[in-house]
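Please look at the chain below before reading on, and keep it in view while you read. The report is meant to be followed with the structure beside it.

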Amino acid sequence: MPDILSLLQCLLPQINATTMRQFNQIILAMLAMSGRVTMLGISRWAGTGGSYRTMLRFFHTVIPWATLFWLFFRKHLFRANEVYLLVGDEVVVSKSGKKTYGLDRFFSSLASKPILGLSFFTLSLVSVEQRHSFPIRIEQVIKSDVEKSSLSSSLEIKPLEKRKRGRPKGSKNKNKTEVILTSELLRIKKMINEQVLLIANFIPLTYLVLDSHFGNNNALQMAGLVNLHIISKLRHDSALYIPYQYSDSNKRSRRKYGDKIDYCNIPDKYLCKSSMEDEVQTDVYQCTLLHKEFAQALNIVILVKINLKTNARSHIILFSSDLNLSYEKIIDYYRLRFQIEFNFRDAKQFWGLEDFMNLSQTAVANSANLAFFIVNLSHYLLADFQQLNPGSGIIDLKAYHRGFRYVREMLKMLPEIPEPILLTQIFAKLTALGRIHPVSTGVEPS
């Protein structure tokens with residue numbers, strides 16, 4: 001069994017020895033415990049020195065989580081010569097009551113409706129080679145008064161105002177690069193700037209990958225302000241135009257937009273790849289197109305799927321502000337964005353993101369950050385665990401630590417330590433309880 005405390009030694013410059021000792025006890029308890037991951041549940045598994053009062057002191061201590069995430073990643077998870085993407089997404093957890101800090105109604109994609117709960121925006125580093133996401137910075141989303149008022153006003157039905165055809169008299173051209181960022185984009189911009197400052201060029205970051213909620217000009221301009229290229233997704237009905245082609249006869253023309261893209265008849269010259277699987281044809285198109293709401297040309301990738309039996313069609317529009325990025329990388333990088341959803345799943349299912357019942361601002365922040373920190377720690381532990389236990393997952397890892405805990409408590413009651421062969425059999429038997437995959441014969445007690 002690995003020494004957790006030795007893995008956390010890299011964090012000592014940022015937290016004192018007392019907090020480190022509490023941190024170590026909490027992690028060992030969370031790796032072994034069953035049931036809901038609350039302060040009371042952790043205290044029941046933490047053993048001597050891990051009382052409920054100790055849990056209260058830890059969760060009400062201000063901890064520099066962003067620095068801890070980065071130090072642990074740089075020491076134990078970073079691999080040189082790999083490409084990393086910066087990915088951002090929001091996770092919503094359901095909460096009841098009235099007194100939890102930041103409690104509000106947020107849209108949950110799982111429930112497909114707004115729910116009462118908490119929201120956290122997460123920045124993650126995704127390794128292109130490992131195909132895995134590592135949470136790196138988590139901040140709670142607190143709705144401003146402007147956001148609440150705009151939400152309530154948008155629900156009101158406003159009468160349609162009739163306007164004359166054509167451009168209003170006296171209107172001027174707008175500089176689309178000068179946008180007013182929403183409070184959401186300002187929060188994300190601040191998080192990225194702080195993270196880039198913390199990384200200090202240790203990892204070269206080029207691309208910011210966001211979901212379709214950020215497929216707009218404001219998000220693109222925000223990414224440009226932090227010196228990153230955005231990769232995102234447009235609406236399926238986006239009006240895209242081919243840049244106007246000048247010739248000798250119309251070289252004085254001031255037109256900017258050419259023909260509008262018809263998604264049912266995309267020109268063949270833009271076709272990059274066509275494949276067939278289960279009588280479904282997939283065509284991939286790439287071209288540089290214009291959108292009237294965006295300030296610059298976009299690198300567009302359109303994936304068209306055609307069911308040859310029913311002749312049904314569907315398409316997806318991905319885009320990037322990097323005009324030189326190949327279609328393979330745009331598709332691959334956007335597909336990797338989904339790895340952050342597995343972080344959300346693990347944090348909720350195994351590490352208490354959906355379970356904690358803290359109320360204050362500091363305690364809520366510590367609970368959420370702790371859940372995501374153990375997501376990274378468990379990935380590191382699984383890498384070693386799977387060498388002797390291929391195919392094992394977090395359930396197997398937790399069963400192993402729980403069995404180790406049972407063995408250790410049992411040995412304290414025995415008058416003398418059993419023979420090594422018997423001890424190995426006892427260890428293998430107890431660590432097999434609750435596992436999905438069979439116990440490896442290479443497992444030895446430490």
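The report below goes from the whole chain to its strands, then to one helix and the nonpolar core.

## The chain as a whole

This is a predicted model, and the secondary structure of its chain comes to 13 helices and twelve strands. Along its principal axes the C-alpha trace spans about 100 × 50 × 45 Å. Of the 446 residues in the chain, 47% are buried. Among the contacts between residues at least 6 apart in sequence, 62% join residues that are at least 24 apart.

The chain exposes about 24600 Å², and carbon and sulfur atoms supply 54% of that area. As for charge, the chain has 56 positive and 38 negative charges, and the mean positions of these two groups lie 8 Å apart.

## Strands that pair

Strand S7, made of residues 240-243, pairs with two other strands. With strand S10 (residues 280-291) it pairs in the antiparallel sense over two bridges, and there the bridge partner of Leu 240 is His 291. Two bridges also join S7 to strand S8 (residues 257-260), again in the antiparallel sense, with Tyr 241 standing opposite Lys 260.

Strand S12 (residues 313-320) is joined by four bridges to strand S6 (residues 229-234), and the two run antiparallel; in this pair, Ser 232 of S6 has Phe 319 as its bridge partner. Eight bridges join S12 to strand S11 (residues 298-307), also antiparallel, and here Ile 306 stands opposite Arg 313. S11 and S12 form a hairpin with five residues between the strands, in which Asn 311 takes a positive phi near 65 degrees.

## A mostly covered helix

How many of the ten residues of helix H9 are buried? Helix H9, which covers residues 327-336, has seven buried residues and is therefore mostly covered, where buried means under 20% relative accessible area. The buried residues are Tyr 327, Ile 330, Ile 331, Asp 332, Tyr 333, Tyr 334 and Leu 336.

## The largest nonpolar core

The largest nonpolar core holds 129 residues, and those that touch the most other members are Leu 11, Phe 23, Phe 120 and Leu 353. Helix H11 (residues 361-388) gives the largest share of this core, with twelve residues.

Leu 353 can be followed further through its contacts. Leaving aside neighbours within four places in sequence, Leu 353 is in contact with nine residues named here in full: Val 91, Val 93, Lys 95, Phe 120, Ala 347, Lys 348, Ala 368, Ala 371 and Phe 372.

Technical notes
Residues numbered from 1 in each chain as written. Predicted model: local features only at pLDDT ≥ 70, side-chain atom pairs only at ≥ 80, totals over all residues. Heavy atoms only, no water. Buried < 20%, exposed > 50% of the residue type's maximum accessible area, 1.4 Å probe, protein only. Pairing = 2+ DSSP bridges. Core = buried A, V, L, I, M, F, W, Y, C linked by side-chain atoms within 4.5 Å. Contact = heavy atoms within 4.5 Å. Areas by Shrake-Rupley, 256 points an atom, 1.4 Å probe, with all protein chains shown as cover. Lys, Arg positive; Asp, Glu negative; His and termini not counted. Charge placed at Lys NZ, Arg CZ, Asp CG, Glu CD.
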